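Colleague: I'd like to practise reading strand pairing and backbone angles. Could you walk me through an example?

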Amino acid sequence: MLDQRHFFAPASGEPSEVLPAESPAVTELPAADASDAPQAAPSESPAPTDVPETSPAPTLPVVSPSAAPSDTVELTEAPVTDVPGTDSGHTGFSGWVVAGAALLAALIVAAIFLALGRKKRVGSASDIKLGLDYAVGKVHEQGARESQQDCFAVSPDQMRGEFGLLAVVADGMGGLSDGDKVSQAAVGAMLDGFSTAQGDGQLVLLELLCRANRSVNRLLGTENLSKSGSTLAAALIRDGRFYWLTVGDSRIALLRGGALIQLNREHVFKNELLLSAVNGSESFASALSHPKAAGLTSYLGMGRLKYVDIPAAPIDVLPGDKFVLMSDGIYNALDDAELISALSHPAQKAAEVVGKAVTSKGYKTQDNFTAIIIEAVSGGKQGEV
């Protein structure tokens with residue numbers, strides 16, 4: 001059963017303005033179908049605002065990743081041979097002994113193969129060596145918005161041993177049309193391709209990002225590129241290492257040793273403005289107070305992705321680490337101290353505390369908010385399904 005994926009919670013986001021980048025960022029990666037997806041046109045218009053949905057968005061069918069293959073042995077009936085001194089067409093005592101021995105041998109072989117298959121699905125060697133297992137907590141709320149445009153997914157537990165643990169959060173741009181459909185398409189494409197993506201953890205995430213971007217571009221069509229969009233934050237834990245990538249302004253952070261460390265860089269216009277200030281074109285004060293500073297410079301739905309944030313190397317996971325993937329509805333509502341306090345609890349309890357903390361703020365314009373919290377715990381049956 002693959003119903004453990006915790007798939008979709010529809011899609012959110014404080015309306016984010018889409019702006020072209022003025023200077024290159026650290027990492028740039030074109031989408032796989034770049035030839036069919038033109039770059040988003042510059043926009044000088046004010047940041048889009050949320051438009052209430054007039055009808056519920058259609059539910060995207062649940063995408064089922066291919067189940068991990070398992071080794072099987074077909075048991076066939078042992079051939080029956082005539083034994084001298086018996087009636088033709090009937091098997092004597094010796095024949096039954098031969099048949100029984102063959103069947104017993106086949107059962108032993110089957111047991112060996114099944115044991116090997118079971119071993120493949122247990123947590124990876126690195127996780128077992130480190131004594132690591134993973135607990136996952138999730139919070140997903142609509143806030144004060146008219147519709148839910150955040151979407152998230154966590155890969156099924158039974159896939160962890162062979163493929164790792166995949167988590168994805170997408171924040172549909174509420175100020176544009178169909179942000180919920182875009183975020184759902186992105187998350188669905190990543191989850192659907194998880195069991196077939198090849199390479200190390202980082203290459204797997206990049207291949208899944210290509211799938212997600214293609215899916216979004218097909219959904220929108222060339223004529224609708226930049227008229228809708230979604231951010232994306234994805235993480236993969238495999239062999240005791242944490243891989244990640246982001247597009248847009250959703251965040252990934254690590255809580256370790258009581259300190260909350262943001263891992264990714266956001267793709268917002270403020271970064272270009274600050275670089276302009278460094279080069280003497282404007283002041284830092286004007287850069288920080290610019291009305292379009294929060295506008296996105298890269299997002300799914302613009303055709304060719306302008307920026308993709310990836311780490312120089314994966315993070316070695318330590319017992320007690322907590323990784324958080326979150327939409328801006330959370331980090332705009334809570335400061336670091338509040339997040340650290342909430343994350344002091346076990347994964348799911350931490351997610352519940354985060355949700356209550358955001359709700360208790362009572363903001364009249366509270367955005368949709370979503371977080372996936374992955375906690376590395378020691379002991380127990382590491383990764384066993």
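Modeller: Sure, and keep in mind that this is a predicted model. Let's begin with one residue pair: K322 sits opposite E375 in β10.

Colleague: Which strands pair there, and in what sense?

Modeller: That's β9, residues 322-326, running antiparallel to β10 with five bridges between them.

Colleague: What about β1, how many bridges does it make with β10?

Modeller: Strand β1 covers residues 132-141, and its antiparallel pairing with β10 has 10 bridges. For a pair to look at there, find G137, which faces I373 in β10.

Colleague: Why is β10 described as largely enclosed?

Modeller: Count its buried residues, where buried means under 20% relative accessible area. Strand β10 spans residues 369-378, and eight of its 10 residues are buried, so the rest of the structure largely encloses it.

Colleague: Now the backbone. What sign of phi should I expect?

Modeller: For most residues other than glycine, phi is negative. Here, S226 has a positive phi, near 75°, and isn't a glycine.

Colleague: Where is S226 found?

Modeller: In the loop that links α5 (201-220) and β4 (232-238). Then have a look at D239, another non-glycine residue, with a positive phi of about 55°. D239 lies in the loop between β4 and β5, the latter being residues 241-247.

Colleague: Why does D239 count as partly exposed?

Modeller: Partly exposed is the class between buried, under 20%, and exposed, over 50%. D239 has a relative accessibility of 41%, so that's the class it gets.

Technical notes: Residues are numbered from 1 along each chain as its sequence is written. This is a predicted model: local features need pLDDT of at least 70, side-chain atom pairs count only at pLDDT 80 or more; totals for chains, interfaces and linings use all residues. Side-chain values use heavy atoms; hydrogens and water are left out. Helices (H or I, at least four residues) and strands (E, at least two) are DSSP runs, numbered from the N terminus. Buried means under 20% relative accessible area, exposed over 50%, partly exposed in between (1.4 Å probe, protein chains only). Two strands pair if DSSP finds at least two bridges between them.
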